[in-house]
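Subject: Structure for you to look at

Dear colleague,

Please find below the structure I promised to pass on, together with its sequence. My notes on what was found follow underneath, and I would be glad if you could read them with the structure open.

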Amino acid sequence: MTKEFAVPPVVFPSGGNPSAGSNNNIQQRRVATAPFQPPRSSTSSIPFMSFDIGSAAASSSSSGPLFGGPIGSGASVPGGTSFEDEEPLLDELGIHPDQIWRKTKSILNPFRANPAVHKDSDLSGPILLYMSLCLFQLLAGKIQFGVILGWIVVSSIFLYVVFNMLAGRNGNLDLHRCTSVVGYCLLPVVILSAASLFVPQGGTFRFVVAGVFVLWATRVCTALMVALADGGDEHRGLIAYACFLIYTLFSLLVIF
């Protein structure tokens, strides 16, 4: 037994041709429209850039550079200064290689230390010597970065307290200058650490060489401390003893 369904007739527009109506609709949807252009105010001073890429590229190529020239031409920047007037990066960081070299050379002669170049204290040279000492110790198989840094800090504070207690009211040694002098006088210990890489372990020769470098560092540090601060001439022996203890500790790190 079959069932019959009543299907309504389908009526197509345009005389029964379904493709004709669809083609007309597609053509109507594909009509190109102009890009959106907002109204331009006559009183506004801000230039309006069109959404048309071709016209924007043409206008940018025809106009001049933004700042009037290339960066390296020495022209002035919008801030009012030029790149040629800028200070070198090392000077802005407070690092002066020529000053570090002069201070290092003054340490090389233990009998004629020049305190004039150490009046302007800095920590760039001591940090460089600290890294050199740690590097030579690392080449010897000793990882002592934290130990050496801690001993430098403690030694600087120790010598600062001892000197000002001995000088009394006349003592004018500040901690920054004391740290700078202690750090620069590490140069003999750094040389000892480099030389110990080629000296055989054990024996009295190693201790004798270490003693010579300790006396070298002690003499230079004592002379600089007495010359740079007031009130240390009367207590030169006690200051030399404190310096001797400091650099003996550093030499023991190198020997053992």
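A helix is here a DSSP run of H or I with at least four residues, a strand is a DSSP run of E with at least two, and both are numbered from the N terminus. On that basis the chain holds 11 helices and 0 strands, and its pattern, read along the sequence, is α-α-α-α-α-α-α-α-α-α-α. Please keep in mind throughout that this is a predicted model.

As for the chain in general, it has 256 residues, of which 29% count as buried. Its accessible surface amounts to about 17,100 Å², and carbon and sulfur atoms account for 64% of that surface. If one takes the contacts between residues at least 6 apart in sequence, 66% of them join residues at least 24 apart.

The helix packing comes next. Two packed helices are described by the angle between their axes and the distance between the axes.

I begin with H7 and H11. Helix H11 covers residues 236-255, and its axis and that of H7 come within 10 Å and cross at roughly 175°. Since angles over 145 degrees count as roughly antiparallel, H7 and H11 are therefore roughly antiparallel to each other. On the H7 side the contact is made by Val147, Ile148, Trp151, Ile152, Ser155, Phe158, Leu159, Val162, Phe163 and Leu166, while H11 brings Leu238, Ile239, Ala242, Cys243, Ile246, Leu249, Phe250 and Leu253. Sorted by class, the contact of H7 with H11 comprises 17 nonpolar residues, 1 polar residue and no charged ones.

H7 also packs against H8. Helix H7 spans residues 145-167 and helix H8 spans residues 175-184, and the two pack at an angle of about 120° with their axes 9 Å apart. H7 and H8 are therefore oblique to each other, and their crossing is right-handed. Ser156, Ile157, Leu159 and Tyr160 of H7 make this contact with Leu175, Cys178, Thr179 and Val182 of H8. The residues involved in the contact of H7 with H8 are 6 nonpolar, 2 polar and no charged. Leu159 of H7 thus appears in the contact with H8 and also in the contact with H11.

H8 has a further partner in helix H6, which runs over residues 124-139; H6 and H8 pack at an angle of about 40°, with their axes 8 Å apart. The crossing in which H6 passes H8 is left-handed. Here Gly125, Pro126 and Leu129 in H6 meet Thr179, Ser180, Gly183 and Tyr184 in H8. By class, the contact of H6 with H8 divides into 3 nonpolar, 4 polar and no charged residues. Thr179 of H8 takes part in this contact with H6 as well as in the one with H7.

A few individual residues may also be worth locating in the model. Tyrosine 130 lies in helix H6 and counts as buried, with a relative accessibility of 11%. Leaving aside neighbours within four places in sequence, tyrosine 130 is in contact with Phe145, Ile148, Leu149 and Ile152. Tyrosine 130 and tyrosine 184 are 54 residues apart along the chain, and their C-alpha atoms are separated by 9.2 Å.

Glutamine 144 is found in the loop between H6 and H7, and at 13% relative accessibility this residue counts as buried too. Not counting residues up to four places away in sequence, glutamine 144 touches Cys134, Gln137 and Leu253, and Leu253 is one of the H11 residues in the contact with H7. From glutamine 144 to leucine 133, which is 11 residues apart in sequence, the C-alpha to C-alpha separation is 9.3 Å.

Two exposed residues complete these notes. Aspartate 233, in the loop between helix H10 (204-228) and H11, is exposed with a relative accessible area of 58%; its C-alpha atom and that of alanine 223, 10 residues apart along the chain, are separated by 9.6 Å. Phenylalanine 256, in the segment after H11, is exposed with a relative accessible area of 62%. Phenylalanine 256 nevertheless touches Lys142 and Phe207, when residues up to four places away in sequence are not counted, and the C-alpha atoms of phenylalanine 256 and lysine 142, 114 residues apart along the chain, are separated by 9.6 Å.

With best regards

Note on methods. Residues are numbered from 1 along each chain as its sequence is written. This is a predicted model: local features need pLDDT of at least 70, side-chain atom pairs count only at pLDDT 80 or more; totals for chains, interfaces and linings use all residues. Side-chain values use heavy atoms; hydrogens and water are left out. Axes are lines fitted to C-alpha atoms, for helices over the stretch in contact, and angles run from 0 to 180 degrees between N-to-C directions. Angles under 35 degrees count as roughly parallel, over 145 as roughly antiparallel, 65 to 115 as roughly perpendicular and the rest as oblique. A crossing is left-handed if the near helix is turned anticlockwise from the far one by less than a right angle, and right-handed if clockwise. Contact means heavy atoms within 4.5 Å. Ala, Val, Leu, Ile, Met, Phe, Trp, Tyr, Cys and Pro count as nonpolar, Asp, Glu, Lys and Arg as charged, and the others, Gly among them, as polar. Buried means under 20% relative accessible area, exposed over 50%, partly exposed in between (1.4 Å probe, protein chains only). Accessible areas come from the Shrake-Rupley method with a 1.4 Å probe; for residues, only the protein chains shown count as cover.
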